[in-house]
Structure formats: structure tokens, C-alpha cells
Amino acid sequence: MLILPKPVDNEFVLGFIGRITHVNLEGSCFKIVRALVAHFNLGMEVTSLRPHYYQAERHIQALALASDKSVDEFLFCHFNFPAERRTPRVAAKWLDRQMCRKNGREYPERKRPYLCRECIPQQVQEFDFPFWHRHHQLPGLYWCPVHKTALLAFDHWLAEDALIPVAALASVRTPATAADFDKYPVLQSFCELMIGSLRRPLWMSVTRIEDCLRRRAIELGLRPDGGDVATVPNDSPFLSDLAFAECPAWWLEEAFGLQRTTVGKGRLALNRVLSGGGRAPPMSYALAIALLFSPRERADILNKSSHLLE
Ligand SMILES: [Zn+2]
């Protein structure tokens with residue numbers, strides 16, 4: 001007889017699987033998800049003949065049924081894929097890969113689980129247990145958006161004993177510098193935009209956003225990627241140069257793979273947000289908006305570009 005705990009708001013899917021595994025005294029995430037598939041009569045597990053996605057999809061179906069949610073609702077409430085520019089199909093594959101403890105090749109891929117030490121007592125007070133919050137797992141977020149403190153990073157996602165945050169607190173890595181979050185307002189704006197993009201993915205209206213970004217960058221004297229705009233002198237800075245002026249270098253390196261040695265060089269993934277075609281990594285749009293616009297202007301751009309979704 002399976003015990004089926006329900007996920008709480010914004011509980012990250014991997015942590016939720018960990019909790020089901022834990023309350024059922026099961027040793028493996030895969031075993032518990034397969035037990036759910038059997039429990040809800042979703043068919044026999046097959047190992048080699050069916051496409052991998054077929055199995056991954058059934059795992060998500062089983063988790064959604066265990067949560068009393070539709071598959072869409074479960075995906076949109078407990079994954080971060082809308083902010084990471086993934087489709088539900090890719091999200092399903094990602095989940096199975098995580099359960100096999102394999103890292104993917106896709107960018108951005110958050111390699112470690114993160115949590116906020118100050119959120120834990122509040123979660124315990126409210127729900128009687130701590131959980132992995134999905135906002136803390138968003139790419140580029142190294143601070144708790146509520147407490148403004150540095151998130152603690154863990155070595156593995158699915159070492160089963162690391163699934164319950166309290167038990168895992170002993171194995172934390174050195175956190176990011178908490179003071180940076182107060183010192184660099186762009187980081188706070190970036191966090192807000194990433195969390196907002198869970199509901200309203202920036203890349204859904206990427207052409208409009210790129211137009212706004214490009215116009216503003218030229219107004220500010222920045223060189224769009226390729227540097228072929230006649231009104232902008234050839235020695236003007238790139239967007240990535242502005243990023244190095246407004247953000248800590250360690251963060252740009254860890255979250256965006258940007259090196260200080262690239263200052264003055266244009267052909268970087270971040271700068272592609274200005275060259276059109278939606279070719280930049282999704283979190284680059286959040287950083288570019290945070291760098292180029294004030295909070296009031298940001299709200300305006302997001303409202304104008306959101307009609308496609310509402
Ligand atoms: Zn917190």
C-alpha cells in the first residue's frame with residue numbers, strides 16, 4: 001500500500017519524488033515512480049522497445065495522479081522548464097535523466113540542488129516538513145528571493161539521503177556571497193524576472209522583447225552583436241561589457257559561462273539577445289532586461305509582450 005503525500009505550492013519535482021520515496025521507506029526514486037505507474041494502472045514498464053519518452057511521460061502522469069493534478073498543472077507548478085525554455089516533452093526526459101543521476105548536455109542545466117537555510121524553519125512551521133523550493137533551483141539564482149540570503153548548494157540531486165533538506169544540511173558547499181545581492185541591484189531584478197518567467201516565459205514573445213532590447217541598447221550607445229549599426233561607433237561596449245560593470249564576475253562566470261577575458265569581445269551567447277532570431281540562452285533575456293531597463297520600464301515591456309500568452 002503506497003502512501004501518497006501531496007506536493008505543496010512550488011515544491012520542486014525532484015524533492016517531491018524524494019519525499020514520496022522517503023515516506024514509503026523505499027530506497028530508489030526510480031522504484032517508487034515505477035510503483036506509482038503500477039498503482040495507477042498506467043501499463044507495464046518496458047525497458048528497450050518503446051521510445052524513451054513514452055516511459056518518461058508515464059512517470060509524469062503517475063506523479064500528477066499522485067498529486068491530484070492534471071499533467072499540465074503538475075508540470076507548470078513543480079518544474080522550472082517554462083523559465084528554461086524547455087517544452088513539456090523535454091521536461092519529461094530531463095526528469096528521467098535526473099532520476100538516473102545523469103547530467104544533460106542542454107544549457108542551462110543546474111547541476112546541484114539549492115536551499116535557503118531561513119526558509120526551512122518557516123516551511124516546517126507551515127507544513128510540518130521542509131521541502132525543495134523550485135525558485136531556488138532556477139538557473140542563475142544563488143540567493144533566496146524572500147530572505148535575500150545566499151542559497152546553500154548541495155553536491156548531488158538524487159543521493160537519496162540528500163532529498164530531505166534537513167538531513168542534508170551537513171554537506172553544503174560554501175555559499176555565494178550574500179552581500180552581492182544587496183550590492184548589485186541587477187541581481188535582484190534578474191531573480192524577479194526569472195521567477196516571473198515561470199508564469200510568463202520571456203521567450204514566448206522573444207521577437208518583441210528583442211526589438212525593445214535592441215532599440216534600448218543602441219540608445220545607450222551599446223554595440224549590437226555583429227557591430228554593424230552605422231550610428232554606433234566601433235569601439236562602443238557590448239552588452240556583455242555592461243554586464244561586467246553591473247554584476248559580480250564570479251556570477252557571470254558560474255551562471256553564464258562568461259570570463260573576464262571576454263570584455264570587449266562581441267560574439268558571446270549573452271550578446272545574441274541583441275541580434276535577433278531568439279538564439280540566446282533563455283536566461284540571457286532576463287539579464288538583458290535587468291541591465292537595460294528600470295523596474296517601471298520592465299513592467300511595461302512585459303505587459304506589452306505578454307498578450308501572446310493571455
Ligand atoms: Zn529563504
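These are my notebook entries on what I looked up in this structure.

**Entry 1: the whole protein**

I began by reminding myself that this is a predicted model. I counted helices and strands next, and found 14 helices and two strands in the protein. How much of the protein is buried? Of its 310 residues, 39% are buried. I also looked at contacts between residues at least 6 apart in sequence, and 63% of these join residues at least 24 apart.

**Entry 2: helix α12**

I turned to α12, which runs over residues 249-256. Which of its residues are buried? I found Trp251, Leu252, Ala255 and Phe256. Looking down the axis of α12, I saw that these buried residues fall within an arc of 100°, so they line one face of the helix. What does that face pack against? The buried residues of α12 pack against α8 (179-183), α9 (185-196) and α11 (239-246). I also checked what follows the helix: just after α12 comes Gly257, with a positive phi of about 70°.

**Entry 3: α11 and α13**

Since α11 is one of the partners of α12, I followed α11 to another neighbour, helix α13 (residues 282-292). The two helices pack at an angle of about 70°, and their axes are 10 Å apart. Angles of 65 to 115 degrees count as roughly perpendicular, so α11 is roughly perpendicular to α13. Which residues meet here? From α11 I noted Leu239, Leu242, Ala243 and Glu246, and from α13 I noted Leu287, Ala288 and Leu291. I sorted the residues of this contact by type and got six nonpolar, no polar and one charged. Glu counts as charged, so the charged one is Glu246 of α11.

**Entry 4: two loop residues with positive phi**

I then looked up two residues that have a positive phi although they are not glycines, starting with Asn41, at about 50°. Where is Asn41? I found it in the loop between α2 (29-39) and α3 (52-66). Is Asn41 buried or exposed? A residue counts as exposed with 12 or fewer other C-beta atoms within 10 Å; Asn41 has 8, so it is exposed.

Asp128 was my second case, with a positive phi of about 80°. I found Asp128 in the loop between α6 (119-127) and β2 (152-153). By the count of other C-beta atoms within 10 Å, which is 7, Asp128 is exposed.

Key
Residues are numbered from 1 along each chain as its sequence is written. This is a predicted model: local features need pLDDT of at least 70, side-chain atom pairs count only at pLDDT 80 or more; totals for chains, interfaces and linings use all residues. A residue is buried if 20 or more other C-beta atoms lie within 10 Å of its own, exposed if 12 or fewer, and partly exposed in between; C-beta atoms are placed from the backbone. Helices (H or I, at least four residues) and strands (E, at least two) are DSSP runs, numbered from the N terminus. The arc is that of the directions from the helix axis to the C-beta atoms. Two residues are in contact if their C-beta atoms, placed from the backbone, lie within 7 Å. Axes are lines fitted to C-alpha atoms, for helices over the stretch in contact, and angles run from 0 to 180 degrees between N-to-C directions. Angles under 35 degrees count as roughly parallel, over 145 as roughly antiparallel, 65 to 115 as roughly perpendicular and the rest as oblique.
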